[in-house]
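Here are my notes for your first read-through. Keep the sequence and the 3D view open as you go.

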Amino acid sequence: MRRAGRITAAARRLAGELVVPGATTLEIDSAVRKFIKSQGAVPSFLGYGGFPASACISVNEVVIHGIPDHRVLREGDIVSIDVGACIDGFHGDCAATFPCGKVSDEAMRLIKVTEESFWKGIAMARPGNRISDISHAVQQYVEANGYSVVRDFVGHGVGARLHEPPEVPNYGPAGHGVRLQPGMTLAVEPMVCAGGWQVRVLKDKWTTVTADGSLAAHYENSILITDGDPEILTVAGDL
């Protein structure tokens with residue numbers, strides 16, 4: 001899991017470096033795929049449920065599951081990139097939203113609040129707590145900052161399969177759900193909208209956009225529940 005996580009995190013970092021005006025989302029996806037394969041790993045997303053790419057690349061109002069294509073990124077776009085890598089039978093899964101060139105103060109604030117909500121959530125990812133303690137902390141922070149959390153898609157367990165039980169929502173009351181135990185591995189992934197939380201899936205059955213057209217951001221890491229503080233598995237390090 002740690003090895004898969006390091007590869008996945010390095011792929012996310014590479015993708016973020018390629019978010020510049022004039023790049024296409026297809027070019028970024030190609031680079032991610034080549035990098036993951038160069039590490040002896042397999043892109044977790046490629047072919048998963050029929051998904052046609054190695055990375056989900058979601059621009060502006062696209063929340064998640066954007067399909068890479070010949071779209072050219074422009075100054076001011078925000079670009080959410082979700083990647084996964086599998087090696088030795090285990091998956092890593094992580095995401096982040098990157099600014100393309102200079103973006104508006106509003107867009108940058110959304111990106112920062114989304115990432116910070118992840119850290120607020122995993123502060124509750126300790127043994128004895130419950131799944132919804134993470135969920136509640138994320139929702140509280142996001143809504144206190146004037147944003148909303150997506151309800152139709154959630155985080156999840158991750159390990160020998162890309163998506164495993166339990167689900168990890170980004171909303172709800174504390175004190176519910178599975179009790180956290182050392183050894184559990186979870187993908188915690190706040191998906192945050194500048195406007196309302198409602199989303200819709202486009203005709204390609206993947207691309208998920210905000211219903212009101214507002215900007216969205218996404219931040220995710222795979223974590224390990226330990227005897228104390230959680231360990232972030234998707235951290236770029238020595239490969």
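1. How far is the sulfur of Cys56 from the closest cysteine sulfur? The distance is 12 Å, and the partner is Cys94. That is too far for a bond, because a disulfide needs sulfur atoms within 2.5 Å. Bear in mind that this is a predicted model.

2. Cys86 is in no disulfide either. Its nearest cysteine sulfur belongs to Cys94, 14 Å away. The disulfide count is zero.

3. Are these cysteines buried or exposed? Cys56 has 6% relative accessibility, so this residue counts as buried. Cys86 has 18% and counts as buried because the cut-off is under 20%.

4. Cys56 also helps to line the largest cavity. The other lining residues are Ser58, Val63, Ile64, His65, Ser80, Asp82 and His218. Strands E2 (55-59), E3 (62-64) and E4 (78-87) each give two or more residues to this lining. By class, the lining has three nonpolar, four polar and one charged residues. The volume is about 30 Å³. One cavity of 30 Å³ or more is counted.

5. Now look at the nonpolar packing. The largest nonpolar core has 38 residues. Ile81, Leu186 and Ile223 touch the most other members. Elements supplying at least two residues each include helix H1 (2-17), helix H3 (105-122) and strand E9 (185-188). A second, separate core has 12 residues, among them Val103, Tyr147, Val192 and Ala217.

6. Take Leu186 as a worked example. Leaving aside residues up to four places away in sequence, Leu186 touches Ile131, Ile134, Val158, Pro166 and Ile223, among others. Its contacts also include His156, Asn221 and Ser222.

Note on methods
Residues are numbered from 1 along each chain as its sequence is written. This is a predicted model: local features need pLDDT of at least 70, side-chain atom pairs count only at pLDDT 80 or more; totals for chains, interfaces and linings use all residues. Side-chain values use heavy atoms; hydrogens and water are left out. On a 1 Å grid over the protein atoms alone, a cavity is a set of points where a 1.4 Å probe fits but cannot get out, and a pocket is an open set with protein on both sides within 12 Å along at least five of seven lines; lining residues have an atom within 4 Å of a point. Grid points are joined across faces, edges and corners, and a volume is the space filled by probe spheres set on the points. Helices (H or I, at least four residues) and strands (E, at least two) are DSSP runs, numbered from the N terminus. Ala, Val, Leu, Ile, Met, Phe, Trp, Tyr, Cys and Pro count as nonpolar, Asp, Glu, Lys and Arg as charged, and the others, Gly among them, as polar. A nonpolar core is a set of buried Ala, Val, Leu, Ile, Met, Phe, Trp, Tyr and Cys residues joined through side-chain atoms within 4.5 Å. Buried means under 20% relative accessible area, exposed over 50%, partly exposed in between (1.4 Å probe, protein chains only). Contact means heavy atoms within 4.5 Å.
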